[in-house]
Amino acid sequence: MVRQEFVVLRYGHRLVRDYRVTSHCCLVARAFGASKIIVAGDKDEGLQKSVMDVAKRWGGKFEVCFTESWRKTLAQFKKKGFFVVHLTMYGLQLQKEIKKLRKKKKVLVIVGSQKVESLVYEQSDANIAVTGQPHSEIAALAVALDWLQKGKELGKQFKGARIRIRPVERGKRVIKAGGQKSN
Ligand code: SAM
């Protein structure tokens, strides 16, 4: 299997209104193995701080940054050799395209918020649907990242974590750095 790098571009973010959904896109991007999320929309330092607080405690390398121009960002990533996958219910079926997508070493995954301009559809290398039904950018992102990695990210270890979970059949087991356990 090709070792892949994933970056997520969140197209659109409005202060306050989109906080919850964008922060969930950030958390999903991190948990499901992306190295970075770029938010094209209002600069939201509160969002960045809260996601980075999670990343600091739970480990691994992750970045949240903002762009004033999704066009420039997309062009820069294409120049760096990223294959651009735009998630949209109007696209080709994920299950039919996945073999091709798994061969790409660097993938920029775009998820929308409000209506996405037609230029995004044109400039992306692939427009991919996670079902042909309208649902959510959070769900589409999680499923696409999971399929791209054949579920391998589910067992990912996050280096330098100050806190991690010991899976248990019932209840909660949290291990803090230094071996301290809490229930
Ligand atoms: N109303 C917006 C429009 O017409 O473009 C879409 C809103 S939808 C909640 C936000 C984002 O979720 C979309 O831009 C897309 O990235 C993602 N999304 C929703 N359903 C999807 C699906 N079935 N397949 C892939 N992505 C999907």
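The following dialogue explains how to read the fold and the ligand site of a predicted model.

Biologist: Which conventions apply here?

Modeller: The model is predicted, so local features need pLDDT of at least 70 and side-chain atom pairs count only at pLDDT 80 or more, while totals for chains, interfaces and linings use all residues. Residues are numbered from 1 along each chain as its sequence is written, and side-chain values use heavy atoms, with hydrogens and water left out.

Biologist: How many helices and strands does the protein have?

Modeller: Helices (H or I, at least four residues) and strands (E, at least two) are DSSP runs, numbered from the N terminus. The protein has six helices and nine strands. Its radius of gyration, taken over C-alpha atoms, is 17 Å, close to the 16 Å of the globule rule for 183 residues, so the protein is as compact as a globular protein of that length. That rule is 2.2 Å times the number of residues to the power 0.38.

Biologist: Which residues come nearest to the ligand?

Modeller: A residue is near a molecule if one of its heavy atoms lies within 4 Å of it. Of the 17 residues around the ligand, Leu87, Gly112, Val130, Thr131 and Gln133 come nearest. Strand S4 gives the largest share of this shell, three residues.

Biologist: Where do backbone atoms approach oxygen atoms of the ligand?

Modeller: A polar contact is a pair of N or O atoms within 3.5 Å. A backbone N or O atom of Leu87 is 2.6 Å from a ligand oxygen, and one of Glu137 is 3.2 Å from a ligand oxygen. A polar backbone atom of Thr88 lies 3.5 Å from a ligand nitrogen.

Definitions and conventions
A polar contact is a pair of N or O atoms within 3.5 Å; within protein, one must be able to donate a hydrogen and the other to accept it, and residues adjacent in sequence count only if both atoms are side-chain atoms.
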